[in-house]
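These are my notes from one session with the coordinates. I list what I looked up, in the order I looked it up.

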Amino acid sequence: QVQLVESGGGLVQAGGSLKLSCAASGRTFASHTMGWFRQASGKEREFVAAIHWSGGRTSYGDSVKGRFTISRDNAKNTVSLQMISLKPEDTAVYHCAGMRPFTLRIGNGENDFIYWGQGTQVTVSS
């Protein structure tokens with residue numbers, strides 16, 4: 001099974017920036033569309049962003065469009081989430097996740113992703 005480990009979370013003030021990283025194990029990273037989800041305390045898990053295995057297409061949740069950027073580095077087996085203009089409502093545990101190999105579509109539901117990291121906490125203060 002692919003192992004995913006997130007890092008980069010922390011506490012920032014509203015308007016600040018933070019970059020999350022997800023490191024993946026295994027030999028098949030380049031075949032997986034990768035995504036980020038977040039879950040605030042007491043709320044449903046929410047789709048944040050995804051990047052196609054080809055690297056050429058991305059998808060973002062409406063609440064983060066224009067503020068967050070997802071990228072990947074297949075040579076390093078990592079996927080990143082650059083977050084700017086952070087808001088208190090961005091506070092959540094952020095999870096990275098992977099889809100089945102070579103899936104043509106970019107999923108946005110948690111059931112589309114079969115590999116999950118444990119998450120990293122992002123807290124945005126006001």
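**Entry 1: strand 9 and its partners**

I began with a bridge: Tyr94 stands opposite Thr120 in strand 11. The model is predicted, so I relied on local features only where pLDDT is at least 70. I then followed the pairing outward. Strand 9 and strand 11, the latter covering residues 120-125, run antiparallel and are joined by three bridges.

I looked up the other partners of strand 9. Strand 4, residues 32-39, pairs with strand 9 in the antiparallel sense, over seven bridges. Strand 10, residues 115-116, also pairs with strand 9 antiparallel, with two bridges. Within that last pairing I noted that Trp116 in strand 10 is the residue opposite Ala97.

I checked how covered strand 9 is. The strand takes in residues 92-101, and seven of its ten residues are buried.

**Entry 2: Arg38**

Which residue of strand 9 is the bridge partner of Arg38? I found Tyr94. Arg38 itself lies in strand 4.

Is Arg38 buried or exposed? I read a relative accessibility of 5%, and because buried means under 20%, Arg38 counts as buried.

I went through the polar contacts of the Arg38 side chain. One goes to the side chain of Asp90 at 2.8 Å. Another goes to the side chain of Tyr94 at 2.9 Å. Tyr94 is thus listed twice for Arg38, as bridge partner and as side-chain polar contact.

I also pulled the contact list of Arg38, leaving aside neighbours within four places in sequence. Among the entries are Glu44, Arg45, Glu46, Val48, Ser63, Val64 and Phe68. The list also includes Glu89, Asp90, Ala92, Val93 and Tyr94.

**Entry 3: Arg67**

I turned to another arginine. Arg67 is in the loop between strand 6 (58-60) and strand 7 (68-73). Its relative accessibility is 10%, so Arg67 counts as buried.

What does the side chain of Arg67 reach at 3.0 Å? I found the backbone oxygen of Ser85.

Setting aside residues up to four places away in sequence, I listed what Arg67 touches: Gln82, Met83, Ile84, Ser85, Leu86, Lys87 and Asp90. I noted that Asp90 appears here and also in the contact list of Arg38. For Ile84 I took the C-alpha separation from Arg67, which is 5.3 Å, with their positions 17 residues apart along the chain.

**Entry 4: Ala14**

I looked up a loop position next. Ala14 sits in the loop between strand 2 (10-13) and strand 3 (18-24). With 41% relative accessibility, Ala14 counts as partly exposed, because that class lies between the 20% and 50% cut-offs.

Outside its neighbours within four places in sequence, Ala14 is in contact with Leu86, Pro88, Val124 and Ser125. I also took the distance to Gly42: the two C-alpha atoms are 21 Å apart, and the residues are 28 apart in sequence.

**Entry 5: cavities**

How many cavities of 30 Å³ or more does a search of the whole structure find? I got one. The volume of the largest cavity is about 30 Å³.

I listed its lining as Val2, Leu4, Phe29, His32, Met34, Gly98 and Tyr115. By class, the lining has five nonpolar residues, two polar and no charged. Gly98 of this lining falls within strand 9, residues 92-101, where these notes began.

How values were computed. Residues are numbered from 1 along each chain as its sequence is written. This is a predicted model: local features need pLDDT of at least 70, side-chain atom pairs count only at pLDDT 80 or more; totals for chains, interfaces and linings use all residues. Side-chain values use heavy atoms; hydrogens and water are left out. On a 1 Å grid over the protein atoms alone, a cavity is a set of points where a 1.4 Å probe fits but cannot get out, and a pocket is an open set with protein on both sides within 12 Å along at least five of seven lines; lining residues have an atom within 4 Å of a point. Grid points are joined across faces, edges and corners, and a volume is the space filled by probe spheres set on the points. Ala, Val, Leu, Ile, Met, Phe, Trp, Tyr, Cys and Pro count as nonpolar, Asp, Glu, Lys and Arg as charged, and the others, Gly among them, as polar. Helices (H or I, at least four residues) and strands (E, at least two) are DSSP runs, numbered from the N terminus. Buried means under 20% relative accessible area, exposed over 50%, partly exposed in between (1.4 Å probe, protein chains only). Contact means heavy atoms within 4.5 Å. A polar contact is a pair of N or O atoms within 3.5 Å; within protein, one must be able to donate a hydrogen and the other to accept it, and residues adjacent in sequence count only if both atoms are side-chain atoms. Two strands pair if DSSP finds at least two bridges between them.
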